[in-house]
Amino acid sequence: MDSRIATAARVAGIEPFHVMEVQTAARALEAAGRTVVHMEIGEPDFPTPAPVLAAALAALAGGGIYYTSALGIPELRQAIARHYAERFGVSIAPERVIVTAGSSAALLLVMALLVDRDQQILLSDPGYPCNRHFVRVLEGEPLGVPVGPQTRYQLTADLIEAAWSRRTRGVLIASPSNPTGTQVPPDELRKIAATCARLGLRLIVDEIYLGLTYDGEPQSALAITGEHADDIFVVSSFSKYFNMTGWRLGWVIAPDRHVRDLEKLAQNLYICPPTVSQRAALAGFLPGTLALLEERRRAFRDRRDFLVPALRELGFGIPVMPSGGFFVYADSQAFCREVLEAVGVAITPGLDFGRHRAATHVRFAYTIEMAKLEDGIERLRRFLRDR
Ligand SMILES: Cc1ncc(COP(=O)(O)O)c(C=O)c1O
């Protein structure tokens, strides 16, 4: 191979998002004058709340947009800790909160902290694709454990016990999950934390969709896992519940003893999270903003309550009701490209989320308003009838 154009072997192991091809094809259809119902988009359609925008503008006007501590500004770390007390009823020392450049950076930092070459992280298959790539980039081995409706598409203590080996460093769970929108029940999460502690595995819980849950009060792993709560990593973000995807701000609540090492990693990998975004995010916790976000959460719940029965009626297999996030993972023989070209509905192929039964699943996102969802369902009805 010509060494001038050689790239590291790890790059070949990183897969592209197949949904991007659907999106490119959808845009081409739109350019040709067709309308497309976008049910592939993985971010809220709601705009950033006005108080957050106002705080960003004030921060810009005030100047002083310099680097911050790699751990984030103290006011924001305190505000996040307060939010856990008020929303989830759990007391967290602000010193455990590390503000990051999206939860993506939080996940990367935690993986960089834990994973050495050839060491494994257990993940659910299907699951959020970037996680396996974070592990791969660090020369570790992401081990996807097939999960299905029997376990709500989530790992369980028994599955972890059966899959771990001496090379396993940790277990990553997302609850609610992308692409399935399902959660790990509190009892099971307790068992998982106890199993991980017994086997010497680190537990990372991605709670990026926890604010967007629809059946009962949201419960953080920090409140559920009791004696193990000080030893787990909980990752979250301003992207989804706070409608701030493009602001690139998230956080991780880490065990005390790892904060210094995570700080060193953050300093070196990206110096600090974005300064304007941090100042803006403080306004995310104002009572008025939270009231607006709760209204939007109810809108997502209404969309779910419309979409899931409508898809089931059309014959899509949705054995477990999704309880959070904004995704529905459905068993389907329909091919995404075919649906797009025939009736202009863009959805995400299961292949983006792993290998286990991926070819017979698709993900629907309800990140569009109700009228568009209704239009999407009508188009799907036509597709299935005419096929
Ligand atoms: C489960 C899950 N975790 C993490 C992320 C990363 O989000 P962000 O970096 O915007 O916080 C996403 C984004 O879609 C996600 O679905």
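## What helix H8 packs against

In this predicted model, the buried residues of H8 pack against four elements: helix H7 (157-163), strand E5 (168-174), strand E6 (202-206) and helix H9 (221-224). Those buried residues are Glu188, Leu189, Ile192, Ala193, Thr195, Cys196 and Leu199. Looking down the axis of H8, you will find them within an arc of 165°, so they line one face of the helix. The face turned away from the buried side carries the exposed residues Asp187 and Arg198.

## The length and end of H8

H8 covers residues 186-199, and at 1.5 Å a residue its 14 residues should span 20 Å; this agrees with its end C-alpha atoms, which are 20 Å apart. Just after H8 comes Gly200, with a positive phi of about 75°.

## The largest pocket

Now for the open spaces. The largest pocket holds about 650 Å³ of space. It is lined by 31 residues, and the closest to its centre are Phe17, Gly42, Tyr128, Asn178 and Lys240. Helix H2 (18-31), helix H5 (102-114) and helix H6 (129-137) each supply at least two residues of this lining. Sorted by class, the lining has 14 nonpolar, 10 polar and 7 charged residues.

## The second largest pocket

The second largest pocket has a volume of about 360 Å³. Of its 23 lining residues, Leu123, Ser124, Arg132, Pro142 and Gly144 are the closest to its centre. Strand E3 (120-125), H6, strand E4 (141-146) and E5 each supply at least two lining residues, and H6 gives the largest share, 4 residues. This lining divides into 8 nonpolar, 10 polar and 5 charged residues.

How values were computed: Residues are numbered from 1 along each chain as its sequence is written. This is a predicted model: local features need pLDDT of at least 70, side-chain atom pairs count only at pLDDT 80 or more; totals for chains, interfaces and linings use all residues. Side-chain values use heavy atoms; hydrogens and water are left out. The expected span of a helix is 1.5 Å times one less than its number of residues. Buried means under 20% relative accessible area, exposed over 50%, partly exposed in between (1.4 Å probe, protein chains only). The arc is that of the directions from the helix axis to the C-beta atoms. Contact means heavy atoms within 4.5 Å. On a 1 Å grid over the protein atoms alone, a cavity is a set of points where a 1.4 Å probe fits but cannot get out, and a pocket is an open set with protein on both sides within 12 Å along at least five of seven lines; lining residues have an atom within 4 Å of a point. Grid points are joined across faces, edges and corners, and a volume is the space filled by probe spheres set on the points. Ala, Val, Leu, Ile, Met, Phe, Trp, Tyr, Cys and Pro count as nonpolar, Asp, Glu, Lys and Arg as charged, and the others, Gly among them, as polar.
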